[in-house]
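Biologist: I would like to go through this model with you step by step, taking the packing of its elements, its cores and a few individual residues in turn. Could you keep the reasoning explicit as we go?

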Amino acid sequence: MKIIVSLLLLLATCFPVLALAQVQTLPHKDVKRRYIVYTPPAYHSALQQAFPVVFNFHGGGMTMAEQMLYTQMNRAADRHGFIVVYPQGIKQDWNVGFGMDYLTGTDDVGFTQAMLDKLKQDYRIDARRVYATGLSRGGFFALRLAAELPQHFAAVASVGAPMPEPVVAHHGKPEKVGMLLIHGTADQVVLYQGKAGGYLSADDTLRYWAKVNGIAVNPPQPRLLPAATGDDLKASLLEQANGQQNVALVTIDGGGHTWPGADAFNIGLPIGKTSSSIDANEVMWEFFGRHRAN
């Protein structure tokens, strides 16, 4: 996979659109951290405009470049006019309290804060429209950011990653943040039903953030989403709102540990089926677009 990605990035230099993706470095806690910043064409033509930002965190064992190529979020950024940031985790991991100490392990929250501060210096950022998403370990970390930096993130979307129990344990009074969860019921890497001592179930995560946002705990019935021809995976949406923040769960019945709408991605792991009925990037952006930080 690493070789394929390296070749793709080398070939990508031939295409003008990829000149809009630049690798940046940032010293943090005596470590040189890296991240990719993708700016859409509109950023270079609307010179007086401030742009929303989406942080897109890779899964465990992946790289920032693999996350960019797999999720294809740059295409959505082109369509809707937002900046995408793909950070690189140390040892391809993020600190969510699994395998490292939550408080004294890698300071990924501080790194994210430092990235955002640097982005505000270097780019025209709309500070009220900053969002985070991620896959698997990156999704867990996006949820940690929702708990620790709610003043900076208007909404968060997690794919294949419900609420980590260490985050719940360390944040007794989290603040209101828009929350979107996307999860497949047949995910064998991160279980939809949750894992005792590790993370909540998808349903309990929805209830957790509904309570945080002051939303009634009696949810409506989920709504079945339109299916694409040839896709045997049914997707449903359960969503609630308080007038400012929404909490939502997209359930992919039979879906695996994948990014809906992405090309099939399999490196020998039991990651399961990918839904073609929904495009996770479009679902996220429609959700993010309804949220602004106070």
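Biologist: Which residues in H6 do Asp 108, Val 109 and Thr 112 in H5 meet?

Modeller: The model is a predicted one, and in it H5 and H6 pack with their axes 11 Å apart, at an angle of about 75°. On the H5 side, the residues that take part are Asp 108, Val 109 and Thr 112. Their partners in H6 are Phe 141, Arg 144, Leu 145 and Glu 148.

Biologist: How is the orientation of H5 and H6 to each other classed, and why?

Modeller: The angle between the two is about 75°. Angles from 65 to 115 degrees fall in one class, and H5 and H6 are therefore roughly perpendicular to each other.

Biologist: What is the orientation of H4 and H9 to each other, and which residues of H9 make the contact?

Modeller: The axes of helix H4 (residues 73-80) and helix H9 (residues 280-288) come within 9 Å and cross at roughly 45°, so the two helices are oblique to each other. The crossing is right-handed. From H4 the contact is made by Met 73, Ala 76, Arg 79 and His 80, and from H9 by Asn 281, Glu 282, Met 284 and Trp 285.

Biologist: Which helix gives the most to the largest nonpolar core?

Modeller: The largest nonpolar core has 54 residues, and those with the most contacts inside it are Phe 55, Ile 83, Val 85, Leu 119 and Trp 209. With 7 residues, the helix that gives the most to this core is H6 (residues 137-148).

Biologist: How many residues does the second, separate core have?

Modeller: This core includes Ala 154, Ala 155, Trp 259 and Ala 280. It is separate from the largest one, and its size is 40 residues.

Biologist: Is Ala 161 buried or exposed?

Modeller: Ala 161 has its place in the loop between strand E6 (155-159) and helix H7 (165-170). Leaving aside residues up to four places away in sequence, Ala 161 touches Ser 136, Gly 139, Phe 140, Leu 143, His 183 and Val 190. Its relative accessibility is 3%, and because buried means under 20%, Ala 161 counts as buried.

Biologist: Is Lys 91 buried or exposed?

Modeller: Lys 91 is found in the loop between strand E4 (83-87) and helix H5 (108-122), and its phi is near 55°, a positive value in a residue other than glycine. Its relative accessibility is 81%, and since the cut-off for the outer class is over 50%, Lys 91 counts as exposed.

Biologist: What is the phi of Lys 29?

Modeller: Lys 29 is found in the loop between strand E1 (21-28) and strand E2 (31-38), and with a relative accessible area of 58% this residue is exposed. Most residues other than glycine have a negative phi. For Lys 29, by contrast, phi is positive, near 55°.

Biologist: Over which residues does pLDDT stay under 50?

Modeller: The protein chain averages a pLDDT of 91, and 91% of the residues score at least 70. Where pLDDT is low, the predicted coordinates should not be read in detail. That caution applies to a stretch for which the model has 16 contacts beyond four places in sequence, and where pLDDT stays under 50: residues 1-18.

Notes:
Residues numbered from 1 in each chain as written. Predicted model: local features only at pLDDT ≥ 70, side-chain atom pairs only at ≥ 80, totals over all residues. Heavy atoms only, no water. Core = buried A, V, L, I, M, F, W, Y, C linked by side-chain atoms within 4.5 Å. Buried < 20%, exposed > 50% of the residue type's maximum accessible area, 1.4 Å probe, protein only. Helix = DSSP H or I, 4+ residues; strand = E, 2+ residues; numbered from the N terminus. pLDDT = per-residue confidence, 0-100. Contact = heavy atoms within 4.5 Å. Axes fitted to C-alpha atoms, helices over the stretch in contact; angles between N-to-C directions. Parallel < 35°, antiparallel > 145°, perpendicular 65-115°, else oblique. Left-handed = near helix turned anticlockwise from the far one by under 90°.
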